[in-house]
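Me: Please go through the cysteines, the nonpolar surface and the aromatic rings of this model.

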Amino acid sequence: MNWKCKKTWKQAKINTLWCLLGCSIGDFGTIYYFQKIDHSWSNFEVMGLAIVNGLLTSIILETIILLKQMDFVSSLKTALGMSFISMVGMEIAMNATDILLTGGAMLTWWVMPIMLLAGFYTPLPYNYWRLKKYNVSCH
């Protein structure tokens, strides 16, 4: 496989950014919420919910974007089928970074950019490979 195609890398980066936007909304929103309330959840429970919410918001965002091109059922199936592995990898990378740098479930001004970078670069090669192999993309 040719890993040097600039056009495919550009499209893979765009697709990954859309996925990152969706994942980070649910993930960061959940962690922020739990930082602001009094609760008895462990960091791993909060982060587990953050991962689920990140996946859900990413699927919702991608489905909405795809509605411009196809009907709702097709949009939902495409969002689930084409990028779910990418989203899971992204979420694990973001939350593992949070655990390593803050102990987990702790958003700070300095950790969020690092989490986003980890979340962006982890699935990027997979997204490139998928575009090259199947000539498909979500967006």
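The turns below take these topics one by one.

Reply: This is a predicted model, in which local features need pLDDT of at least 70, side-chain atom pairs count only at pLDDT 80 or more, and totals for chains, interfaces and linings use all residues. Residues are numbered from 1 along each chain as its sequence is written, and side-chain values use heavy atoms, with hydrogens and water left out.

Me: How many disulfides does a search of the whole structure find?
Reply: A disulfide is a pair of cysteine sulfur atoms within 2.5 Å. C19 is in no disulfide, as the nearest cysteine sulfur, that of C23, is 4.2 Å away. For the whole structure the search result is zero.

Me: Is C19 buried or exposed?
Reply: Buried means under 20% relative accessible area, exposed over 50%, and partly exposed in between (1.4 Å probe, protein chains only). The relative accessible area of C19 is 2%, so C19 is buried.
C5, at 18% relative accessibility, also counts as buried.

Me: Which element gives the largest share of the nonpolar patch?
Reply: Patches are made of residues with over 30% relative accessible area and no salt bridge (a side-chain nitrogen of Lys or Arg within 4 Å of a carboxyl oxygen of Asp or Glu), with like charges joined within 9 Å and nonpolar side chains (Val, Leu, Ile, Met, Phe, Trp, Tyr) within 5 Å. V52, L56, I60, I64, L67, F72 and V73 make a nonpolar surface patch of about 640 Å² (Shrake-Rupley method, 1.4 Å probe, only the protein chains shown counting as cover for residues). The elements that give two or more residues are α2 (43–66) and α3 (72–102), helices being DSSP runs (H or I, at least four residues) numbered from the N terminus. The largest share, four residues, comes from α2.

Me: Where does L67 lie?
Reply: L67 counts as partly exposed, at 39% relative accessibility. Its place is the loop between α2 and α3.

Me: What kind of aromatic pair do F34 and W41 form?
Reply: Rings of Phe, Tyr and Trp (its six-membered ring) pair if their centres lie within 6.5 Å; planes under 30 degrees apart count as stacked, over 60 as edge-to-face and the rest as tilted. F34 is buried at 10% relative accessibility, whereas W41 is partly exposed at 38%. Their rings are 4.9 Å centre to centre with 40° between the planes, and the pair is tilted.

Me: Why is the pair of W129 and Y134 edge-to-face?
Reply: W129 is partly exposed at 27%, and Y134 is partly exposed at 43%. The pair is edge-to-face because the ring centres of W129 and Y134 are 6.0 Å apart and their planes are at 85°.
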